[in-house]
Structure formats: C-alpha cells, structure tokens
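This briefing goes through selected residues, helices and nonpolar cores of one chain. Please look over the sequence and structure below before reading on.

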Amino acid sequence: MEPLKLVSIGEVMKGGTTKPVNIIALHNDEPTKYVMKVFTKSQINQGASVGKEIICNELAKQFDLNCPDYGIIEVDHNEFVGIYDEERITKLDNGYKFCSKYLDGNAMFNPLVTNSFLKDYEVATIFAFDLLVYNSDRGGFRNKPNLLINDNSLYLIDHELTFPFIGEEINNFNYENYLGNYPYKQHVLIRYLKSVRNKNELFNEFIEMLKVLNLNDLNITFDFLEEFNIAHVERQKFMHYFAWAKNNVAIFDRYLKAMVQ
C-alpha cells in the first residue's frame, strides 16, 4: 500500500471523540474523500491506535466483514492551524494518520429503528469478531454504535480501543479469563441476538472462519506496520493470541452461546 497524498483538509466532524476531520487525498492519483483520525502522542504511545485500526481492518476481511477502505497519510501539523487549537496541535502524534474512506449514503446504525434487513449470520459474526478483538466500543458505556448502515450492508468503523490486554506478559496471561469479562451486555447488537429463535448454529460461520484464520496474512500486516514505523506493541504478542484463538475455538463457541441466551 502506498501512503495517500493530501489534497485538502475540511472541518472537524461532529460526534467523534478523537475529533476526526474530512480530507481529500489522492489514491492511485484519484481525489478521494476520507475521514482522517488524528491521534495524540499519548494515544499512540499507550494504545497503538493507528496500528490497531489497521490490524482490525485486515482481520475483519478474514471474517467477510465490511470496513471502509483505508489508507495512511503524513500531514504537516501546520495544516491543522485553524482546525484545532494550539494546545491540541502540540499534543498530536507525528507519525502516519489513519484514514477511512468516506462512504456516501451511509448513516450511523440505530438499533431502535434498524432491524428489518439484518442478517442473523452477519450480526452474529460482528458480535463474535468484537469478542475476538475485545472491542468494548461498539455500543459500550459511551453508547456509540460504531457501525455504518446502508440499504443492505453494515460497515465496521473505529477500532482503536481493541486488544486492551495485548501489552500483558504472554507467558502467564489467561486469555479465557479476559474473554469471560467481556462487557457484552452493552454491545449494540446484543438485543437483536437475544431475540433470534434458533441460536444453536448462530456462530457456526464465525467458528469455522476462526479455525482457518490465516496467520501468514496477519504477518504481512505486521510487515506493513513495521515498514512505516507504525506503533503496534509487539508482533509476537498479537500472533501468540491469534494462534491461541485458532486452537481454542470451542472456548469462543461456549462463551458466545452463553452471552446471547
């Protein structure tokens, strides 16, 4: 992937806690509209936010889940004068910014009014994916769905708050205990899943895809992160967890079924 080239920066978007901005950038020499997330140094140092966004986007592909196309971009922080205040600009990370392609015709998912076209297997796979990456920000305590919707598809966005355990010492870490503490009751899709009548095979598709998770493809993702010096904690810690998940699909199956009863 070649980094995007900035054409212009628009305004700060409403509702985003990270204060993302609309931009126009060149992708394959074509001007394209993106949402650029502008993380601070502390967010990158503590949470490897850009790295986690990329890892989750690439991981979602292996579960046939939709995310907007993404790119990375370098931006001179002088471009933010007049967009952010001076204090915030001084706190911004100097590395590559994460950009998510702007999707026209998509709205933020609302579980209270949107369920007529939802597919059981797609909703179940999104929920299971969030357990896998330990995403507590799809609904969660901030009540943000972080799902976009059009006439017949759901798109996953915002994955910087995933894998909170990845910095732990892997030799003695108990992944299963962590999964057991996942705050599933706040997930934006939990009510829908609890309403599904036949739950016996609800997560079969996810479990089968987890069994064949391609670790080589994930290693390519880490090669990319390292090529562009994008913080990601440690490759070894991620790969250790992914290998554990592949070898323990029964644990995921058991927890997932219990959560939606």
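In this predicted model, P20 touches E11, V12, M13, V35, M36, K37 and Y84, not counting neighbours within four places in sequence. P20 sits in the loop that joins strand 1 (5-12) to strand 2 (21-27). The points below start with this residue and one in a strand, then turn to the cysteines, the cores and the helices.

**P20 and S100**
- P20 counts as buried because its relative accessibility is 9%, under the 20% cut-off.
- From P20 to K119, 99 residues apart along the chain, the C-alpha separation is 30 Å.
- S100 belongs to strand 5 (residues 97-101) and is buried as well, at 14% relative accessibility.
- Beyond the four places on either side of it in sequence, S100 makes contact with Y34, V35, P68, D69 and Y70.
- V35 appears in the contacts of P20 and in those of S100.

**Cysteines**
- The whole structure was searched for disulfides and zero were found.
- For C56, which is in no disulfide, the nearest cysteine sulfur is that of C67, 8.2 Å away.
- C67 is likewise in no disulfide, and its nearest cysteine sulfur is that of C56.
- A disulfide requires sulfur atoms within 2.5 Å, so the 8.2 Å between C56 and C67 rules out a bond in this model.
- Both residues are buried: C56 has a relative accessibility of 0%, and C67 has a relative accessible area of 14%.

**Nonpolar cores**
- In soluble globular proteins, nonpolar side chains tend to be buried together.
- The largest nonpolar core here contains 70 residues, and L59, F63, L132, F163, Y241, F242 and F252 have the most contacts inside it.
- Helix 4 supplies nine residues, the largest share of this core.
- Another core lies apart from it and has 14 residues, including L4, V21, I23 and M36.
- F63, with neighbours within four places in sequence set aside, contacts T125, F129, L132, F206, M209, L210 and L213.

**Helix 4 against helix 7**
- Two packed helices are described by the angle between their axes and the distance between the axes.
- The axes of helix 4 and helix 7 come within 8 Å and cross at roughly 50°.
- Helix 4 is therefore oblique to helix 7.
- On the helix 4 side, Y121, T125, A128, F129 and L132 take part; they meet E205, F206, M209 and L210 of helix 7.
- M209, a residue of helix 7, is buried at 12% relative accessibility.
- Outside four places in sequence, M209 is in contact with Q62, F63, D64 and T125.
- M209 and E234 lie 25 residues apart in sequence, and their C-alpha atoms are 24 Å apart in space.

**Helix 9**
- How does the span of helix 9 agree with 1.5 Å a residue? Its 13 residues (235-247) should span 18 Å, and the end C-alpha atoms are 18 Å apart, so the two agree.
- K237, F238, M239, Y241, F242, W244 and A245 are the buried residues of helix 9.
- These buried residues pack against helix 2 (49-61), helix 4 (120-133), helix 5 (175-180), helix 7 (204-211), helix 8 (215-227) and helix 10 (249-259).
- Y241 and F242 are also among the residues with the most contacts inside the largest nonpolar core.

Technical notes:
Residues numbered from 1 in each chain as written. Predicted model: local features only at pLDDT ≥ 70, side-chain atom pairs only at ≥ 80, totals over all residues. Heavy atoms only, no water. Helix = DSSP H or I, 4+ residues; strand = E, 2+ residues; numbered from the N terminus. Buried < 20%, exposed > 50% of the residue type's maximum accessible area, 1.4 Å probe, protein only. Contact = heavy atoms within 4.5 Å. Expected span 1.5 Å × (residues − 1). Core = buried A, V, L, I, M, F, W, Y, C linked by side-chain atoms within 4.5 Å. Axes fitted to C-alpha atoms, helices over the stretch in contact; angles between N-to-C directions. Parallel < 35°, antiparallel > 145°, perpendicular 65-115°, else oblique.
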